[in-house]
Amino acid sequence: MTVTPNSVITAQGIKARSAVCTAAKTTYADATNAVQLLVANASNGSVLYGLKAIPRATVTATQLQLFRSPDGGVTLNLISTALMVAYTMAQTTQVIPTDFGYTETAPLRLAAGDSLYVGIGVASAGGIVFDAQFEDL
């Protein structure tokens, strides 16, 4: 629903999205090997409250990338990175997720129609899962 300027806008519902990256993204200004994570609400935008990534297989140290696109994936702008530490997948160990640091008190605000894309700096046949929690406004 479109709102009147300067009016109070409240969240319309909690949402979650996941995306899996397997191919290495080694360029930072295009959509090559990027995976769309979510599209912000078309009327009033959205607020991202959490973004974590977890490997599904053994990984070497890997750069995790977050891109914002104002035009449906034509242009991608690198806005954040995180480093996933090397980890050997085993049934007797706990996988610690890599957190991008967004919270309810420090969210990422998305304009109406913005898209978020994710990428990984090192290929992973098993894939790295990105998990996002957000609300539409």
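The legends below describe close-up views of a predicted model.

**View 1. The open sheet of four strands.** Four strands form an open sheet in the order β2-β8-β4-β5, and their pairing is antiparallel. The edges are occupied by β2 and β5, each of which has a single partner strand, so one side of each is left without a neighbour in the sheet. From one strand to the next the twist averages 25 degrees. As general background to this view, strands of a sheet pair through backbone hydrogen bonds, in either a parallel or an antiparallel arrangement.

**View 2. Strand β4 and its two partner strands.** Strand β4 spans residues 62-69, and it is mostly covered, with 6 of its 8 residues buried. Towards strand β5, which comprises residues 77-84, β4 is joined by 7 bridges, and the two strands run antiparallel; within this pairing, T62 stands opposite M84. Towards β8, β4 pairs over 6 bridges, again in the antiparallel sense. Two residue pairs can serve as landmarks for the β8 side: L64 has I120 as its bridge partner, and S69 has S115.

**View 3. The salt bridge between D114 and R68.** The side chains of D114 and R68 meet in a salt bridge with an N to O distance of 3.0 Å. The pair links distant parts of the chain, since D114 belongs to the loop between β7 (108-110) and β8 (115-120) while R68 belongs to strand β4, and the two residues are 46 residues apart. Their surroundings can be described by relative accessible area: D114 is buried at 7%, whereas R68 is partly exposed at 21%.

**View 4. The salt bridge between K15 and D136.** This contact is one of the 3 salt bridges that the structure holds, and its N to O distance is 2.6 Å. K15 lies in strand β1 and D136 in strand β9 (residues 128-136), so the pair ties together parts of the chain that are 121 residues apart in sequence. The relative accessible area of K15 is 30%, which makes this residue partly exposed, whereas D136, with a value of 7%, is buried.

**View 5. K25 between a carboxylate and an aromatic ring.** The side chain of K25 meets that of D30 in a salt bridge, with 3.1 Å from N to O. The charged end of K25 also sits over the ring of F67, at 5.2 Å from the ring centre. K25 is buried, with a relative accessible area of 0%, while its salt-bridge partner D30 is partly exposed, with a value of 27%.

**View 6. The aromatic pair of F100 and F130.** The count of aromatic pairs comes to 1. In general, a pair of aromatic rings is described by the distance of the centres and the angle of the planes. The ring centres of F100 and F130 are 6.3 Å apart and their planes stand at 45 degrees, so the pair is tilted; this follows from the cut-offs, because planes under 30 degrees apart count as stacked and those over 60 as edge-to-face. Distant parts of the chain are linked here, with F100 in the loop between β6 (98-99) and β7 and F130 in strand β9, 30 residues apart. Both F100 and F130 are buried.

**View 7. Two loop residues, A29 and N44.** A29 lies in the loop between β1 (13-21) and β2 (35-39), where it is exposed, with a relative accessible area of 62%. Although A29 and L78 are separated by 49 residues in sequence, their C-alpha atoms are 7.2 Å apart in space. N44, for its part, is found in the loop between β2 and β3 (46-55), and this residue is buried, with a relative accessible area of 17%. The side chain of N44 reaches the backbone oxygen of L137 at a distance of 3.5 Å.

Key:
Residues are numbered from 1 along each chain as its sequence is written. This is a predicted model: local features need pLDDT of at least 70, side-chain atom pairs count only at pLDDT 80 or more; totals for chains, interfaces and linings use all residues. Side-chain values use heavy atoms; hydrogens and water are left out. Buried means under 20% relative accessible area, exposed over 50%, partly exposed in between (1.4 Å probe, protein chains only). A salt bridge is a side-chain nitrogen of Lys or Arg within 4 Å of a carboxyl oxygen of Asp or Glu. Two strands pair if DSSP finds at least two bridges between them. A polar contact is a pair of N or O atoms within 3.5 Å; within protein, one must be able to donate a hydrogen and the other to accept it, and residues adjacent in sequence count only if both atoms are side-chain atoms. Axes are lines fitted to C-alpha atoms, for helices over the stretch in contact, and angles run from 0 to 180 degrees between N-to-C directions. Rings of Phe, Tyr and Trp (its six-membered ring) pair if their centres lie within 6.5 Å; planes under 30 degrees apart count as stacked, over 60 as edge-to-face and the rest as tilted. A charge sits over a ring if NZ of Lys or CZ of Arg is within 6 Å of the ring centre and within 35 degrees of the ring normal.
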